[in-house]
Amino acid sequence: MSRPRADEEEYWHSSKCRAFTFDDEDDELCQLKESKRAVNSLRDIVDDEEDELEKVSWSGEPVGSISWSIKETASSSSTSLDGRDSSLQKSSSSNAALPKQVSSYSLSSLFKGRNKLPSLQSLSDALSDTGVKNYAPELRRPKAEYKDYSSDWSPKDTVRRMQRGKVCSLERFRSLQDKLVLLDEAVAGHDGNVITAVLIFLKRTLRREILFRELEVRQVALCHLIHFLKETGEQKMLLDLLRFLDRTEEVALSQYREHLNIQDVEKKREFLKGCIGLPFAPEDISHIQDHYTLLERQIIIEANDRRLETAGQSEIFQKYPRKASILNMPLVTTLFYSCFYHYTEAEGTFSSPTNLKKTFKIPDKQYVLTALAARAKLRAWEDVDALFTTKNWLGYTKKKAPIGFHRVVEILQRNNAPVQVLQEYVRLVEDVETRLNLATKYKCHDVVIDTYRDLKDRIQLMAYKCKVERGSAEEEKINSILNNTQIRWKN
């Protein structure tokens with residue numbers, strides 16, 4: 001049906017819903033009745049023929065379908081949150097604007113489903129929708145998780161938690177008895193990290209006298225604390241602990257270790273001089289004395305050699321410049337340095353190798369090894385030969401090596417000694433098999449040939465003939481030996 005234009009404008013400019021007043025007896029019931037009347041009046045202006053036509057939305061979906069309803073609901077929920085504040089401000093002015101604000105459904109879609117929905121429950125729900133999105137309540141955490149943050153753990157449980165790597169505060173253990181029980185539980189757990197953590201807590205919260213007294217009867221924890229203090233460099237507390245335990249030798253060694261932190265050479269020398277009087281063990285006293293004497297001698301040698309090198313007065317320093325300072329070097333390095341630069345000096349000088357050997361009681365094997373390496377590096381073969389030459393009481397000379405001539409050959413070969421020098425010392429190797437192996441390895445042909453001749457081994461000599469060059473002097477020597485009829489070969 002149709003109405004005159006004037007009646008339509010009068011209808012749209014009028015409202016049958018009353019404004020809110022505090023005098024209303026039942027506002028909710030009145031609003032519901034007013035809404036029903038408004039809906040019933042709106043039905044009259046909707047054309048019945050339009051209900052028979054299928055209407056589509058902007059997206060092309062039929063209005064009133066399930067997918068359309070889902071999208072409309074989602075858009076209504078998102079837009080209602082943005083307009084919540086503005087709707088609260090406008091709610092007191094007029095109730096007529098309420099359907100337009102809270103619902104985005106078209107009127108035709110609502111009436112189209114009137115045959116399927118006998119009641120107006122869906123419309124009332126749409127009118128009463130506040131537009132606020134409902135969230136599911138947050139689930140509470142299990143009590144076991146809250147228990148992790150509690151402080152009512154026993155010492156045993158605390159240690160177990162620390163072993164599992166969980167954060168645990170130890171501040172709740174305030175009494176001495178609780179702290180000692182905690183330490184005993186940590187020791188019983190056999191976990192070094194936990195023991196160390198508890199010891200750090202006790203070190204921070206207990207006086208030293210009490211801590212030392214309690215640790216004296218707990219040797220495992222005591223060893224952990226001593227090791228921790230050494231690693232962290234807390235020298236003062238370490239010395240106090242060792243003095244309390246009456247470990248005088250360990251106190252002396254701990255004080256002696258402080259020289260490692262002293263960089264100035266003169267200050268280090270004075271410090272070592274003061275360490276000589278400390279109560280060291282008998283076997284350690286001589287080492288402390290030697291350390292001081294060595295550093296003092298190194299200072300003298302370094303000053304003299306630096307002056308000679310700067311002035312250019314020494315040929316060896318010009319030919320072989322020094323690569324590093326001799327200060328703070330070990331005794332063996334100092335001996336090598338002395339054998340390299342001061343080998344021919346008299347025994348009375350501080351830099352003489354023989355003086356160092358006598359002063360510090362260097363064993364013969366160590367001295368020969370060091371001197372051989374130094375002189376072979378300089379290719380001073382005469383000095384090498386003199387190093388192993390000795391005289392007996394009848395005046396006869398003989399070569400003797402306290403380290404074994406097989407080691408002499410290896411050192412000479414590493415320093416690229418000529419074959420003639422190698423052969424001389426390979427011949428001096430007593431063990432036949434070792435001598436043949438070294439001679440074959442370093443191609444000392446004369447030694448191999450002479451050894452097989454002395455062994456009267458014709459087969460091995462003929463086999464070795466194939467390994468030498470054709471027409472060489474070694475081949476001629478082998479042929480001469482094989483043709484010698486005076487040799488009685490064993491094969």
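## Exercises on a predicted helical model

At 48% relative accessibility, K273 counts as partly exposed (buried is under 20% relative accessible area, exposed over 50%, partly exposed in between, with a 1.4 Å probe and protein chains only). This is a predicted model, in which local features need pLDDT of at least 70 and side-chain atom pairs count only at pLDDT 80 or more, while totals for chains, interfaces and linings use all residues. Residues are numbered from 1 along each chain as its sequence is written, and side-chain values use heavy atoms, leaving out hydrogens and water.

**Exercise 1. Place K273 and N355 in their helices, and say whether N355 is buried or exposed.**

Step 1: K273 sits in helix α17 (residues 265-275). Helices here are DSSP runs of H or I with at least four residues, strands are E runs of at least two, and both are numbered from the N terminus.

Step 2: Look along the chain from K273 to Q289, 16 residues apart; their C-alpha atoms are separated by 8.1 Å.

Step 3: N355 belongs to helix α21 (residues 353-359). Its relative accessible area is 12%, so N355 is buried.

Step 4: Leaving aside residues up to four places away in sequence, N355 touches R297, E347, G348 and T349. Contact means heavy atoms within 4.5 Å.

**Exercise 2. Describe how α24 packs with α25.**

Step 1: Start with the geometry. Two packed helices are described by the angle between their axes and the distance between the axes. Axes are lines fitted to C-alpha atoms, for helices over the stretch in contact, and angles run from 0 to 180 degrees between N-to-C directions.

Step 2: Helix α24 (residues 405-414) and helix α25 (residues 419-426) have axes 9 Å apart, at an angle of about 170 degrees. The two are therefore roughly antiparallel; the classes are roughly parallel under 35 degrees, roughly antiparallel over 145, roughly perpendicular from 65 to 115, and oblique for the rest.

Step 3: F405, V408, V409, L412 and Q413 of α24 make the contact with V421, L422, Y425 and V426 of α25. These residues divide into eight nonpolar, one polar and no charged. Ala, Val, Leu, Ile, Met, Phe, Trp, Tyr, Cys and Pro count as nonpolar, Asp, Glu, Lys and Arg as charged, and the others, Gly among them, as polar.

**Exercise 3. Do the same for α10 and α12.**

Step 1: The axes of α10 (residues 155-163) and α12 (residues 192-205) come within 9 Å and cross at roughly 120 degrees. This pair is therefore oblique.

Step 2: On the α10 side, V159, M162 and Q163 meet V194, A197 and V198 of α12. The contact holds five nonpolar residues, one polar and no charged.

**Exercise 4. Which residues have the most contacts inside the largest nonpolar core?**

Step 1: A nonpolar core is a set of buried Ala, Val, Leu, Ile, Met, Phe, Trp, Tyr and Cys residues joined through side-chain atoms within 4.5 Å.

Step 2: The largest has 54 residues, and L372, F388, V408, L412, Y425 and L461 have the most contacts inside it. Helix α22 (residues 364-377) gives the largest share, six residues.

Step 3: A second, separate core has 30 residues, including F173, V194, F212 and L245.

Step 4: F212 is also one of the buried residues of helix α13 (residues 208-215), along with I210, L211, E214 and L215. The buried residues of α13 pack against α11 (176-188), α12, α14 (219-232) and α15 (235-244).
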